[in-house]
Every structure is written in structure tokens, then in C-alpha cells.
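Colleague: I would like to learn how to read side-chain contacts, cores and pockets. Could you take me through them one at a time?

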Amino acid sequence: MSDGSSDKGHRRFIERLVIAIVILSLALLLWNLRALLILVFGAVLVAVILSLVAHPIKQRLRAPDWAALLAAVLIVTGIFAAAFGLFGAETMKQAGALEEAIPAAWQALLARLEPMGLAEPLRDWWQATQSGDGGVLSNLGGIAASVGSGVADALLVLVGGIYLAAQPRLYRTGLIKLTPPGARPLMAQALDDSRAALRLWLIGRLVSMTFVGVLAGLGLWLLGVPAALALALVAFVLEFVPYIGPIIAAIPAILLAMAIDPTLALWVGLLYLVIQQLEGNVIEPLVQQRAVDLPPALLLFSIVAGGFIFGGVGILFAAPLLVVIFVMVKRLYVREALNTATPMPGED
């Protein structure tokens with residue numbers, strides 16, 4: 001009897017050891033593939049955007065799935081093409097002027113900081129970035145390779161997003177089948193909640209981006225800041241990244257205004273501050289009533305964590321990734337495991 005019990009104990013130990021090894025190996029594999037996984041999530045985000053455009057076409061025109069998706073791709077492409085046709089030439093012109101004006105603005109800033117003894121540390125830091133083993137100029141080949149890799153990654157995300165949008169049920173069913181049979185209805189509900197939350201979050205971001213871009217363009221134009229359209233486009237795009245994006249967008253505008261007049265730079269800084277206050281205290285609460293109310297501290301640290309784990313792409317996708325994780329935790333853990341009532345995005 002003791003030998004039988006000993007054999008069963010040995011088998012259980014070996015089984016648990018094998019399971020632990022498999023789990024650790026899977027975790028190591030996922031960690032090594034994290035750069036690919038964040039691109040897959042980017043493709044999912046593109047698929048959600050395309051489905052957001054295709055859904056009303058399918059409902060109102062009763063079009064088949066492939067026709068609605070094709071129309072969505074053409075509409076999104078057409079919007080970008082029309083925007084480039086209307087504003088592209090002027091934006092490129094202003095972007096070129098902005099590129100030429102920023103160095104002059106930097107020198108003007110250094111000249112104004114010279115009497116305070118702050119110019120030399122900034123000048124030394126800038127020279128260190130331009131030369132040496134870690135300098136920008138010494139790594140032009142690496143920068144060019146990074147740009148080329150970024151373009152390839154963007155194409156992969158776009159094409160992958162189209163494939164995902166073309167057959168969403170196929171990939172959804174595949175994910176559900178990876179879970180135990182008893183948990184499949186719950187996983188299906190969690191995936192549906194995540195998709196709904198992403199759709200609502202994307203709509204909210206688009207509203208905020210448009211609000212910030214329009215106000216920044218009008219304000220900079222009224223203040224007489226050069227390249228107002230290009231700076232407004234920068235503010236529009238970077239608003240996609242909460243907290244960090246608006247700060248980065250304000251830097252070139254303030255620096256450019258500093259080269260003209262320090263008082264103008266103060267007005268520009270005040271303009272961006274007012275825009276962000278309006279966006280954060282007026283637009284964002286209205287949007288979050290129907291979207292995902294993410295805790296601000298959690299969102300901020302998720303952006304930092306995304307940068308550490310995935311790099312620049314992680315910063316870009318940190319907020320929507322947090323939306324998915326946040327909804328999954330609420331559905332699978334808070335509601336099911338803890339049996340605690342908690343609202344889900346889109347629910348009344």
C-alpha cells in the first residue's frame with residue numbers, strides 16, 4: 001500500500017512539475033514575442049475601427065459583410081486622401097517652415113537663458129546627443145533602420161487589421177475554443193464587452209482629438225504663431241496618447257513662440273493649458289458617460305509600463321490595451337469570481 005501511495009505521489013509531483021515547466025515556457029515565449037503581440041493588438045484596434053465604420057453601412061444598406069468592409073476601407077482611405085488634398089500641401093509647407101524655425105527658436109531660447117546661467121547645461125546636453133558613441137548623428141544608420149521597420153510594422157498592422165475585420169467570428173471562435181467548455185459562454189461575453197469598450201473608447205478619443213486639434217489651430221492662428229496648421233495636426237495626433245501626448249505637442253509650439261517673443265510663448269503655453277483643462281473637465285466627462293472611465297493614475301502608469309515593456313509602440317497602444325485589461329478584470333474577476341456588481345462600458 002505504501003508503494004502504491006508513493007507512486008501516486010511521485011506521479012502527481014511529476015505532473016505538477018511538467019505543468020509548471022509548460023507555464024514558465026509559455027510565459028517566456030510570450031515575453032520574447034511581446035513586440036509581435038503588441039502589433040497583433042494594433043491590428044485588432046484597426047479591425048475595431050473598420051468594423052465601427054462598416055456596421056452602420058451593413059445595417060442601413062443591408063449590405064453583405066464583404067461589401068460593408070470594402071466600403072469602410074474606401075471611406076477611411078478617402079477621408080485621409082481628402083484631408084491630404086485639402087490640407088496636405090499647406091501642412092507640408094508649414095511643416096518645412098517649422099523644421100527650419102525650430103533650430104532658430106532653440107538658439108533664441110539659449111540666448112535668453114544665457115544671463116541666468118542655464119544655457120550652457122542645455123548646450124552641452126544637445127551636443128552630447130549630436131555626437132559621440134550614443135549621439136544621433138553617429139546612429140543615422142540605426143535611425144534609418146528604425147524608420148524602415150516602423151513603416152513595415154504599420155503596413156503589417158493595417159493589413160492584419162483588414163484580415164481580422166474580414167472574418168471576426170473565425171478568430172473570436174478560435175479564442176473561445178481555447179478555454180474550457182464550461183467557461184466558453186463567459187469568455188464570449190468578456191470578448192464582446194472588450195470589443196464594445198474599445199469601440200466606445202475610440203469614439204471618445206476621436207471626439208477629444210478633434211476638439212483639441214481645432215482649438216489649438218484656431219488659438220495659434222489668432223495668436224499669430226507660424227505653422228499653426230502643422231502644430232494643430234501635431235496636437236490632434238498626439239492627443240491619442242493621454243497625458244504624455246499633449247505635453248509633447250505643446251513643446252514645439254512654445255519653443256517656436258519663444259523665438260518670436262517670450263510673451264507670446266507665455267500666451268501659447270496658456271492656450272494649451274486652457275485647451276487641456278476644457279478637454280479634461282468638460283469634454284472628457286461627457287464622453288466617459290458612455291465610454292470607459294479609466295482611473296487616471298492607472299492610465300498614467302500603464303503608459304509608462306507600455307513604454308518599458310513594448311517601447312514606443314507600447315506607449316501608443318497602452319491606453320486601449322488598458323481598456324481591454326480593465327474590462328476583462330471587471331467581467332471575469334470582479335463580477336464572476338468575487339460576485340460583486342460593477343458596471344460595464346455601455347451599460348445603463
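Modeller: We will go from charged pairs to rings, then to cores and a pocket. Keep in mind that this is a predicted model.

Colleague: Start with charges. How many salt bridges does a search of the whole structure find?

Modeller: The general idea comes first. Side chains of opposite charge can pair when their charged atoms come close. Here the search of the whole structure gives six salt bridges.

Colleague: Which residue meets lysine 58 in a salt bridge?

Modeller: Aspartate 65 does, with N to O at 2.6 Å. Now look at accessibility. Aspartate 65 has a relative accessible area of 46%, so it is partly exposed. Lysine 58 is at 31%, so it also counts as partly exposed.

Colleague: What about aspartate 193 and arginine 331: buried or exposed?

Modeller: Both residues are buried. They form a salt bridge, and their closest N and O atoms are 2.6 Å apart. This pair links distant parts of the chain. Aspartate 193 is in helix 7, residues 184–223. Arginine 331 is in helix 12, residues 312–337. The two are 138 residues apart.

Colleague: Which residue forms a salt bridge with arginine 205?

Modeller: Glutamate 279, with the closest N and O atoms 3.6 Å apart. Arginine 205 lies in helix 7 and glutamate 279 in helix 10, residues 262–288, so the bridge ties together parts 74 residues apart in sequence. Arginine 205 counts as buried because its relative accessibility is 6%. Glutamate 279 is buried too, at 5%.

Colleague: Which residues are linked in a network of salt bridges?

Modeller: Arg172, Asp192 and Arg195. Remember the two arginines; they return with the pocket.

Colleague: On to rings. How many aromatic pairs does the count come to?

Modeller: Two. For each pair, read the centre distance and then the angle between the planes. Phenylalanine 41 and phenylalanine 317 are edge-to-face, with 6.4 Å centre to centre and 75 degrees between the planes. Phenylalanine 41 sits in helix 2, residues 34–61, and phenylalanine 317 in helix 12. They are 276 residues apart. Both phenylalanine 41 and phenylalanine 317 are buried.

Modeller: The other pair is tryptophan 201 with phenylalanine 240. This pair is edge-to-face as well: 5.4 Å between centres, 80 degrees between planes. Tryptophan 201 is in helix 7. Phenylalanine 240 is in the loop between helix 8 (228–238) and helix 9 (244–260), 39 residues apart from its partner. Tryptophan 201 is buried at 6% relative accessible area, and phenylalanine 240 is buried at 14%.

Colleague: Which ring has the charged end of arginine 34 over it?

Modeller: The ring of tryptophan 31. The charged end is 4.1 Å from the ring centre.

Colleague: What else is found in the loop between helix 8 and helix 9?

Modeller: Proline 242. With a relative accessible area of 8%, proline 242 is buried. Check sequence against space here. Proline 242 and leucine 300 are 58 residues apart in sequence, but 7.8 Å apart in space, C-alpha to C-alpha.

Colleague: Now cores. Which residues have the most contacts inside the largest nonpolar core?

Modeller: In soluble globular proteins, nonpolar side chains tend to be buried together. The largest nonpolar core here has 36 residues. Trp201, Phe240, Leu294 and Val323 have the most contacts inside it. Helix 2, helix 5 (140–166), helix 7, helix 11 (296–310) and helix 12 each give two or more residues to this core. Helix 12 gives the most, with nine. Another core lies apart, with 19 residues, among them Val225, Ala228, Val268 and Tyr272.

Colleague: Last, pockets. What is the volume of the second largest pocket?

Modeller: Rolling a probe the size of a water molecule over the atoms shows where empty space is left. The second largest pocket has a volume of about 1400 Å³. It is lined by 36 residues, and the closest to its centre are Val44, Val48, Pro168, Arg172 and Arg195. Those two arginines belong to the salt-bridge network with Asp192.

Colleague: Which helix gives the most to that lining?

Modeller: Helix 2, with 11 residues. Elements giving two or more residues include helix 3 (65–113), helix 6 (168–177) and helix 12.

Conventions: Residues numbered from 1 in each chain as written. Predicted model: local features only at pLDDT ≥ 70, side-chain atom pairs only at ≥ 80, totals over all residues. Heavy atoms only, no water. Salt bridge = Lys/Arg side-chain N within 4 Å of Asp/Glu carboxyl O. Buried < 20%, exposed > 50% of the residue type's maximum accessible area, 1.4 Å probe, protein only. Helix = DSSP H or I, 4+ residues; strand = E, 2+ residues; numbered from the N terminus. Phe/Tyr/Trp six-rings, centres within 6.5 Å; stacked < 30°, edge-to-face > 60°. Lys NZ or Arg CZ within 6 Å of the ring centre and 35° of its normal. Core = buried A, V, L, I, M, F, W, Y, C linked by side-chain atoms within 4.5 Å. 1 Å grid on protein atoms, 1.4 Å probe; cavity = no way out; pocket = protein on both sides within 12 Å on 5 of 7 lines; lining within 4 Å. Points joined across faces, edges and corners; volume = space filled by probe spheres on them.
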